[in-house]
Amino acid sequence: MSQSQGNTSKTIVITGSGRGIGLATATILASRGHRLIMSDIDAELASQEAEKLGNGAAGFGLDVTDRDAFKEHLEMVESEFGPIDVLVNNAGIAPACPNILEQDPAMTDRTIEINLKGVMNGTIEAIRLMAPRRRGQVVNIASLAGITGVAGLAAYSASKFGVVGFTESVRMEFEDSGLKFTCVMPGPVATGMMDGTSSSPVVSMLQPAEMAAGIAAAIESGKPRVSLPLSSYVLSRLISILPPAFGIKLGKWTKIDRIYTRITPGARDDYEQRISR
Ligand SMILES: NC(=O)c1ccc[n+]([C@@H]2O[C@H](COP(=O)([O-])OP(=O)(O)OC[C@H]3O[C@@H](n4cnc5c(N)ncnc54)[C@H](O)[C@@H]3O)[C@@H](O)[C@H]2O)c1
């Protein structure tokens, strides 16, 4: 039995946890004795990965854009597995495009629907369940693109600014509720989301397990904000507070302006196809 079992074992729901950061986070938390409820738009993948995880983990299909389905999912989890201690709103997509005019408008809308409205759906329905018992944590996965603009990711960045603002606001609204709200702002993490992108000499790419370790630590401590790696956080904050002309120059000088605008031809096709389905 791991250290976290017994009184400290939590029931944790993670959306979009069939792969990537969500799966890595579920893996770490399950290994520490928590019960994981994994959901993904790809139901089969979520079930397969939950089965591999063991420790009572269960996988389900859920499209986070469907508010009623999200509500039903959380209610089903509570009736089958008991009170939800933590909801991690992790599902997200990042369609890359040289500029917003070239993006299919349906994909622009889909980005906001999944990344922002999906997070809002989950947060609102989780608060409804958690507030009466004055206990629970909502962890929303934003991005460093939620504190500074990113060329090639305008809609994504808009959605993540939304997640940061929404999470910071509900934390204020529910200050005395006993609930905890955590806003996670990762830098680049080596998942399908980074396929074919360019690198910058000053931005290091984390492995999913490294990012997941930070999220797991915030779940166990209740920390309100997490951003990794620190160097990328500092650079993003700096660019966001500099006058725009200097910020753009700094972005060019550090080559971070090209991460999502110089895509290796063909290298991102699988990812872009997957998220457009
Ligand atoms: N990888 C990065 O560099 C990075 C950086 C900052 C933030 N993030 C954020 O981390 C989160 C996870 O990203 P990732 O890199 O692991 O991506 P990923 O593509 O590996 O995993 C995302 C998962 O979300 C699922 N999903 C997509 N649409 C969904 C929907 N409508 N309903 C339910 N599930 C859905 C996908 O099927 C997939 O399994 C996202 O919110 C992303 O924006 C990632």
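Right after helix α3 sits glycine 82, and its phi is positive, near 95 degrees. Keep in mind that this is a predicted model.

The helix itself, α3, covers residues 67-81, and its 15 residues at 1.5 Å a residue should span 21 Å; the end C-alpha atoms are 21 Å apart, so the two agree. Which residues of α3 are buried? They are Phe70, His73, Leu74 and Val77. These four cover an arc of only 90 degrees around the axis, which puts them on the same side of α3. The general rule behind such a pattern is simple: an α-helix has 3.6 residues a turn, so residues three or four places apart point the same way. Turn to the face of α3 pointing away from its buried side and you'll find the exposed residues Asp68, Ser79 and Glu80. As for what the buried residues of α3 pack against, the partners are the strands β1 (11-14), β2 (35-40) and β3 (58-61), along with α4.

Now for the ligand. There are 30 residues around it, and Gly16, Gly20, Ala91, Gly92 and Thr191 come nearest. Sorted by type, the shell has 14 nonpolar, twelve polar and four charged residues. Helices α1 (20-31) and α4 (105-130) each supply at least two residues of that shell, and α1 gives the most, with three.

On to the inside of the protein. The largest nonpolar core has 69 residues, and those with the most contacts inside it are Ile12, Val13, Ala26, Leu36, Val184 and Ile215. Take alanine 26 from that list: leaving out residues up to four places away in sequence, alanine 26 touches Ile14, Ser17, Leu36, Met38, Leu53 and Ala57.

A few backbone oddities are worth a look too. Most residues other than glycine have a negative phi, and most peptide bonds are trans. Where is the cis peptide bond? It joins leucine 228 and proline 229, with omega about -10 degrees, and proline 229 lies in the loop between β7 (225-228) and α7 (230-241).

Two residues other than glycine have a positive phi, listed here:

| Residue | Phi | Loop | Other C-beta atoms within 10 Å |
|---|---|---|---|
| Asparagine 55 | near 55 degrees | between α2 (43-53) and β3 | 17 |
| Lysine 255 | near 65 degrees | between α8 (244-253) and α9 (269-276) | 15 |

Are they buried or exposed? Asparagine 55 is partly exposed, and lysine 255 is partly exposed as well.

Key: Residues numbered from 1 in each chain as written. Predicted model: local features only at pLDDT ≥ 70, side-chain atom pairs only at ≥ 80, totals over all residues. Near = placed C-beta within 6 Å. Nonpolar A, V, L, I, M, F, W, Y, C, P; charged D, E, K, R; others polar. Expected span 1.5 Å × (residues − 1). Buried ≥ 20, exposed ≤ 12 C-beta atoms within 10 Å, placed from the backbone. Arc of directions from axis to C-beta. Contact = placed C-beta atoms within 7 Å. Core = buried A, V, L, I, M, F, W, Y, C linked by C-beta atoms within 7 Å.
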